[in-house]
Amino acid sequence: MRQDTLRHVYGWLLLTPAAILLVAFTHYPTVATFINSLFSKGNPIRPSRFVGFENYALMMEDPIFWKVLGNNAIFALGTIPTSIALAIVMALFVNSRLPGLGLVRMAYFTPTVLPMIAVANIWLFFYTPGIGLIDQILGLFGLPGHNWLGDPDTVMPAIIVMTIWKEAGFFMIFYLAALQNIPAELREAALLEGASRWTYFRRVLFPLLMPTTLFVLINAVLNSFKLVDHLFVLTKGGPDNASNLLLYYIFETAFSFFDTTYGATLTVVLLLLLAVFALVQFFLLDKRIHYR
Amino acid sequence: MFHRMKNGLMAAATAAFMMGSATVAQAATELTMYYPVAVGGPLTKIVDGLVDDFMKENPDIKVNAIYAGNYNDARIKALAALKSGEPAQLSVMFSIDIYELIEQDAIVAFDDIVETAEEKAWLDSFYPTLMQNGRTAGKTWGIPFQRSTIVMYYNKDKFRAAGLDPENAPATWDELVEAGKKLTAADGSEWGMMIPSTGYPYWMFGALTMQNDQVLMNGAGDTTFFDAPATVEALQFWKDLGTKHKVMPEGTIEWGTLRKNFLEGKTAIMWHSTGNLTAVKKNATFDFGVAMLPENKRRGTPTGGGNFYIFKQTSPEERKAAMKLIRFMTNPERAAEWSMKTGYMGVSPAAYDTKQLQDYVKTFPYAAVARDQLEFATAELSTFQTGRVRKALDDAIQAVLTGSKTPEKALTEAQETADRLLKAYR
């Protein structure tokens, strides 16, 4: 019995450091955010008071909220599948044994290493009408330039392309690691059986990569909501919120408008969305994945 | 409860820190100042240099000048520091943050700090137009420091090539359109003019509306005039420059890359902050000119830029030291030096009377354009709930420029939003 108690104490002591960090930096802020969202915006003259779900009702009527939510959906759908597909293709390519592949691997990975703000500054000059790289290349072919970031129809695609460029290399690393763990015999056996390369990929390789794909997918979904650094440099959410994303709107609300309680309300929505996505991915997709 | 706990912890940490450093900083008053930089160029070095000069003259005051990013970042950092109990006695912040800072009870009015008649007179030594954004409710809350107006930069070489008089920049909207048409290349490789519409669209729009003899808000900061006919007309004109007259690219024009566009010769005219003057002067490879903005019904531009504020949570000694620093930074000689090094305005008439600035204006007359334009200038858009009100207008402007709404519709909506936000303050 005493032995048992000691073991329990020992176990809890081991868990304590991690638990303290989790509670202090994850659970407490989450709960505090939710509580905050139930209060009105206060200042020294008009103190904040409990308003229940009024902030949520306001949010439902806020057209910008719906706009940024839609934008986030477009951003996620635009970036995730393409960057994952690209990552697989790049990983397959650099997994083969050709001379000079170290350089190629490095090149693919470089965008990931660069800070997003630096990347956005570079791309800002790519997209600049007239003097930007893209317009100059178009000019070589006699094509007219375009105001990529100043046109509500092209600003989202422009940002999506940049994000794919930034993300694909990062995901490639995970696929590369996974590919190197897949034994070469499988391929030889498949080819001996007369399977085409596509069949081998579809029936053998891709299923074996599924655990990695799940991991990458979760990361990609989270990133599509978390990554907004580039907006500070590229568009500030403009023109007319055409490129505004949920997290950037939260930042604007909390720090430009000093409406911390409405900011908290939006944050609760963001947290809920992320939680739902994570749960769906873990519980639904997990069942269809073959782990070795 | 959590707040109390946090404050308690913070107080304990501060106390521990104070005990450690008490022996070092005995006699000296220590000031922490945040300041922003909104235009390019090595402005941080210039500010740090001014602060160093101040400390040499006043060895009993130690100043920590902290560069805090752009205007938004500076406000966030300064207010966050205040809320968490970190020391900050004064800060350079956006002149238009005044209502927000008053509402947050963060700043103290200079009228409550000045003591002598000489100090009171000092409050009136600045250009009155520059004080518009620093005064409300009968008190002075901000002292002008890095202040600017919008001016028109133009490429004289392109003017000559197009058969225009390089010494006479367009002075009316009609002349502007006409000149723009001559300066615009048919293939779209070179534009007549560019007015930036990201970053600070409401600011540029403030110039256009003023030229149409309409202000955007009242002095109490509780009413906006976004849907006034003259406002709508001004926005229509801005849109027409791109869609009807074809002298400006359609869509929005990026604030951050505009100077490069001008320096690379992609546009013959740009409207931009005077804060860019020195950078343009250094980097232009062509003959350029600077002129006042053109008029429609009258000339007009908003002022812009940053003011000094003193925070409320300060001891009398700290306030005195902060006053000393502000007076040093804005005295005529320093203001003249600051103006020459950056292109920002000398904030008082006395600054333009100093020998150094007079000599500079003689060799480089464009340094005085912003000052001459002051007589037509108005306050920058600033209201209670200023962030949201400004965003409503910014979004309306961008919606119109990108063609998704008509000026009437966009501005009526913006006015509705502003009315809703400001109702509580009337």
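# Reading domains, contacts and helix packing

Modeller: Let us begin with how a chain can be divided: in this predicted model, chain B consists of domain 1 (2–147 + 304–363) and domain 2 (148–303 + 379–425).

Biologist: How far apart do the C-alpha centres of these two domains of chain B lie, and how many residues does the contact take from each domain?

Modeller: The C-alpha centres of domain 1 and domain 2 of chain B are 30 Å apart, and the contact draws 24 residues from domain 1 of chain B and 23 residues from domain 2 of chain B. On the side of domain 1 that touches domain 2, at least two residues each are supplied by α4, α6 (128–131), β11 (301–311) and α14 (332–342) of chain B, and the largest share, four residues, comes from α4(B). Sorted by class, that side of domain 1 has eight nonpolar, 11 polar and five charged residues.

Biologist: Turning to the contact between the chains, how many residues come from chain B and how many from chain A?

Modeller: Chain B gives 30 residues to this contact and chain A gives 27 residues. On the side of chain B that touches chain A, α3 (71–83), α4 (98–103), α11 (255–263) and α18 (386–401) of chain B each provide at least two residues, with the largest share, six residues, coming from α18(B). By class, this side of chain B is made up of six nonpolar, 14 polar and 10 charged residues.

Biologist: How many helices and strands does chain A have, and what is its radius of gyration beside that of a compact globule of 292 residues?

Modeller: Chain A has 12 helices and zero strands. A compact globule of 292 residues would have a radius of gyration near 19 Å, whereas chain A has 24 Å, and the C-alpha trace of chain A spans about 80 × 75 × 30 Å along its principal axes. Of the 292 residues of chain A, 29% count as buried.

Biologist: At what angle do helix α2 and helix α12 of chain A pack, and which residues of the two helices meet?

Modeller: An angle is read between the two helix axes, and one from 65 to 115 degrees counts as roughly perpendicular. Helix α2 (residues 54–61) and helix α12 (residues 260–283) of chain A pack at about 75°, with their axes 10 Å apart, which means that α2(A) is roughly perpendicular to α12(A). From α2(A), A:Asn55, A:Tyr56, A:Leu58 and A:Met59 meet A:Thr261, A:Tyr262, A:Thr265 and A:Leu266 of α12(A); by class, this contact has five nonpolar, three polar and no charged residues.

Terms used
Residues numbered from 1 in each chain as written. Chains lettered and ligands numbered in written order. Predicted model: local features only at pLDDT ≥ 70, side-chain atom pairs only at ≥ 80, totals over all residues. Axes fitted to C-alpha atoms, helices over the stretch in contact; angles between N-to-C directions. Parallel < 35°, antiparallel > 145°, perpendicular 65-115°, else oblique. Contact = placed C-beta atoms within 7 Å. Nonpolar A, V, L, I, M, F, W, Y, C, P; charged D, E, K, R; others polar. Rg over C-alpha atoms; globule rule 2.2 N^0.38 Å. Buried ≥ 20, exposed ≤ 12 C-beta atoms within 10 Å, placed from the backbone. Domains from an automatic or database assignment.
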